[in-house]
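Subject: Structure for your review

Dear colleague,

Please find below the sequence and structure that I am handing over to you. My findings follow directly after them.

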Amino acid sequence: MNMKSFSHISIRWKLTGLIVIISSISLLLASLAFITSDRINTRRTVANNLATMAEIIAANSSAALLFGDRVAAQETLGFLQSQKYIQAAAIYEINNSVFASYRKSGVNIKLPEIGIQPENTLFWGDYVELFIHINYQGEQIGVVYLRSNMQAVHDRLIWFLGIVVVVLLASLLVTFILSTRLQRIITDPLLGLSSIARQIRNEKNYSLRVIGEGRDELGNLITDFNTMLDEIQSRDNELRENRSQLEERVMQRTRELEIANSELATSKKQAESVARRMKYHAHHDALTGLPNRILLNDRITTELAHARRKQGMVAVLFLDLDRFKIINDSLGHPVGDQLLRIIARRLGKCIREEDTVARLGGDEFMVLLPNINGSSDAGRVARKVIDCLVDPISCNGHQLHITTSIGISIYPYDGTDSETLIKHADISMYRAKELGRNKAVYFTAEMNAGSRKQLALETSLRQAISRNELKLLYQPKIDTSRNMIVGVEALLRWKHPGMGMISPLEFIPAAEASGLIDPIGEWVMKTAFTQLKQWHLAGHSALTVAFNLSSAQLSRPGFEEVVEKALQFADLDASMTELEITENIAMENLESAIIVLEKLKNLGISIAMDDFGTGYSSLSYLRRLPIDVVKIDQSFVREIPDSSEDVLIAQAIIAMAQSLKLSLIVEGVENVRQLNFFKQQGCNLMQGFLFSKAVEPEEISRLLAAQTIPGLVNLVK
Ligand code: C2E
Ligand code: MG
Ligand code: MG
């Protein structure tokens, strides 16, 4: 039988069954032994009884035999009738003849014929025969034969078997009862153990213990089980503790990650907004928000390509406000600026959506008409533009009348590229001015013979140096942490005998185009360096000077020698000078710019990135340039701290400068709120109208000597 078939029976029943089976087997074996021994004894007793009876018969019948008294012999056998097991008996003479016999009534048995035999007891299946000799005076005279059935043995056996069965049953019952109780000694602890194990499994409660003691195997098992539970519980506690620590850490980390994520999202948003704003600044005029020259150039190029494909026409209108300078000079820059903003709005309103109005700088605007059907369309738009300025403009309480002169050039007649079209529109605008202003003039081929404006400007520029019309003004650079002037920026002016003070923004392009920029640049350096030397000699030896550079100058071969010569001329240490370039100048020819700037830097000159943020600011380019200083452009400063976007841009530029380990100068600081903002950001070097405009060198000497900084109350060195 397969052991597995018992596996579903409980250990209790197994034990009970085992005990019952073992005790039954032992009882059976014991009974068998008893029965066997009893059977042997009974048979012996039967044989002995038979022998006793036979001896009595032999003793009582010897005389009868001797005397041949068959009747006496027969009487001797007569008592056998009372013996219920005796079936037959006979007395044989020595000659084997039956002398007397007895048969139990109802029993038909044949007497054995061999009377004379050795004394013997023979057990047959269900009867026993006995032969004993009848002796007289030592001589055998006959044989007594007795036959008894085995009823006595059988009766006893049956009686015995009955006893055995009763005893067996009784003992089985007792065994069963006892075993069911006794097996508990073993099974109770085991069941307790298993029930606790189950409970632990279900409830995961490792603090449960099995109750029970003892020194036997079960006791040891319980002790070991409890010890194991102790171990599991302590591990469980440890695990729990670790898990809760882990969960705590995970939660903390999650919180941190969430914070970091939201910070990241915010800074990403800020970065995107900064990037958008910077892109906007690079392509728009800060004052009016109109597209600037860069964006206009892009649009003209795109529209020209389009017109080329469609064989269409494109018009470019060059606008210059008439006598704007007078307003600006007489009423001041703020009024001038406001006027420009209003005009920009008016211009925007009087053209179609697909047209572009751009501000090129100063009082110059440009209108791009991408889709005209003929030249006359351009004239009509120009007329509209002139008309839209007819109404007086109210500005700071002034009613201002302003007109504009417009030059028109048309693709494909007057040029096929952006530069030519703008140049020709510019020339024709000057023609409009000559013709009495407030007019629009188409470009004609004759005008190309030479822009009179350009020529005039160039001619007078040529004389400007020799006539001493150029001069340098200086704007102080303030270290607001120490409240002192640490340097000056040299800013060029042209005092034209007829036109008054002309801004470098106006005449530098002409100087570049004519090549006059070289002598002018050289003059600027010599003058500025000499002036600085004088200040040094006057005791302000830590003062530095910054000078500006145009792209034409930087790309001129041997430029660094010119700088070196100017330094020698003034006997000035290069480390006291700072060269300012704009991003666009550097980017125009990046590789050669890097080489030249490296050389200048090797001389000891420090390099500043001027108007930072308005050009093609690309960090990867910036990294390659050997820059020491970044000047945040005034367009980002103007609205600080009110414009949150400008605040972000300023912060981004500051962070970038810090990460590139560059020093930082803030340009165009005009009020105390701007000053405070940048001071809070850790930018202490500033320049702007709050402290001083660009002033004559004598004024700087005075400021240095007085050790006061104008515009700042109580800011004394
Ligand atoms: P820049 O180098 O960025 O010079 C700063 C300009 O901002 C100067 O105008 C200065 O007068 C003006 N400015 C300074 N503080 C403030 C302020 O608080 N508010 C406002 N609204 N403006 C302020 P400026 O003198 O007309 O010069 C214009 C540009 O002409 C200069 O810009 C520079 O790029 C160029 N430039 C000036 N001198 C030279 C020169 O000698 N050579 C060359 N190649 N370019 C020059
Ligand atoms: Mg500058
Ligand atoms: Mg600047």
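Tyrosine 145 is buried, because its relative accessible area is 0%, under the limit of 20%. This residue belongs to strand E5, which covers residues 139-149. Its C-alpha atom is separated by 7.1 Å from that of glutamate 129, although the two residues stand 16 positions apart along the chain. Please note that this and everything below comes from a predicted model.

The metal sites

Two magnesium ions, ligand 2 and ligand 3, lie 4.1 Å apart, and aspartate 610 coordinates both of them.

For the magnesium ion that is ligand 2, the donors are Glu489 (OE), Asn548 (OD1), Glu580 (OE) and Asp610 (OD), at 2.0 to 2.2 Å. Along the chain these donors follow the spacing E-x58-N-x31-E-x29-D. The site thereby links distant parts of the chain: glutamate 489 is in strand E14, while asparagine 548 is in strand E16 (residues 544-548), 59 residues apart. Are these two donors buried or exposed? Glutamate 489 has a relative accessibility of 4%, so it counts as buried. Asparagine 548 reaches 27% and is therefore partly exposed.

For the magnesium ion that is ligand 3, coordination comes from Asp610 (OD), Asp611 (OD) and Glu667, the last of which is listed with OE twice, at 2.0 to 2.5 Å. The donor residues of this ion are spaced D-D-x55-E in sequence. Here too, distant parts of the chain are linked: aspartate 610 sits in strand E18 (residues 606-612), and glutamate 667 in the loop between strand E20 (663-666) and helix H20 (672-680), 57 residues apart. Both aspartate 610 and glutamate 667 are buried.

The surroundings of ligand 1

Which residues come nearest to ligand 1? Of the 24 residues around this ligand, they are Arg493, Asn548, Asp610, Glu670 and Phe689. Asp610 and Asn548 thus appear here as well as among the donors of the magnesium ion that is ligand 2.

Several polar approaches to oxygen atoms of ligand 1 may be listed:

- Arginine 493 places a polar side-chain atom 2.8 Å from an oxygen atom of the ligand.
- For aspartate 610, the corresponding distance from a polar side-chain atom to an oxygen atom of ligand 1 is 2.7 Å.
- In glutamate 667, a side-chain N or O atom is 3.2 Å from an oxygen atom of the ligand.

Taken alone, ligand 1 exposes 790 Å², of which the protein buries 85%. By class, the shell around the ligand consists of nine nonpolar, eight polar and seven charged residues. Strand E14 (484-496), helix H11 (504-514) and strand E18 each supply at least two residues of this shell. Strand E14 gives the most, with four residues.

Strand pairing around E20

Strand E20, which precedes the loop that holds glutamate 667, also takes part in strand pairing. Strand E19 (residues 629-632) and E20 run parallel and are joined by four bridges. In this pairing, valine 629 stands opposite serine 663 of E20. E20 also pairs in the parallel sense with strand E21 (residues 685-686), over two bridges. There, leucine 685 in E21 is the bridge partner of isoleucine 665.

In summary, aspartate 610 bridges the two magnesium ions and also has a polar side-chain atom 2.7 Å from an oxygen atom of ligand 1. I would suggest that you begin your reading of the structure at this residue.

With kind regards

Key
Residues numbered from 1 in each chain as written. Chains lettered and ligands numbered in written order. Predicted model: local features only at pLDDT ≥ 70, side-chain atom pairs only at ≥ 80, totals over all residues. Heavy atoms only, no water. Donors = N, O, S within 2.8 Å, 3.2 Å for Na, K, Ca; no water. Buried < 20%, exposed > 50% of the residue type's maximum accessible area, 1.4 Å probe, protein only. Near = heavy atom within 4 Å. Polar contact = N/O pair within 3.5 Å; in protein donor to acceptor, adjacent residues only side chain to side chain. Areas by Shrake-Rupley, 256 points an atom, 1.4 Å probe, with all protein chains shown as cover. Nonpolar A, V, L, I, M, F, W, Y, C, P; charged D, E, K, R; others polar. Pairing = 2+ DSSP bridges.
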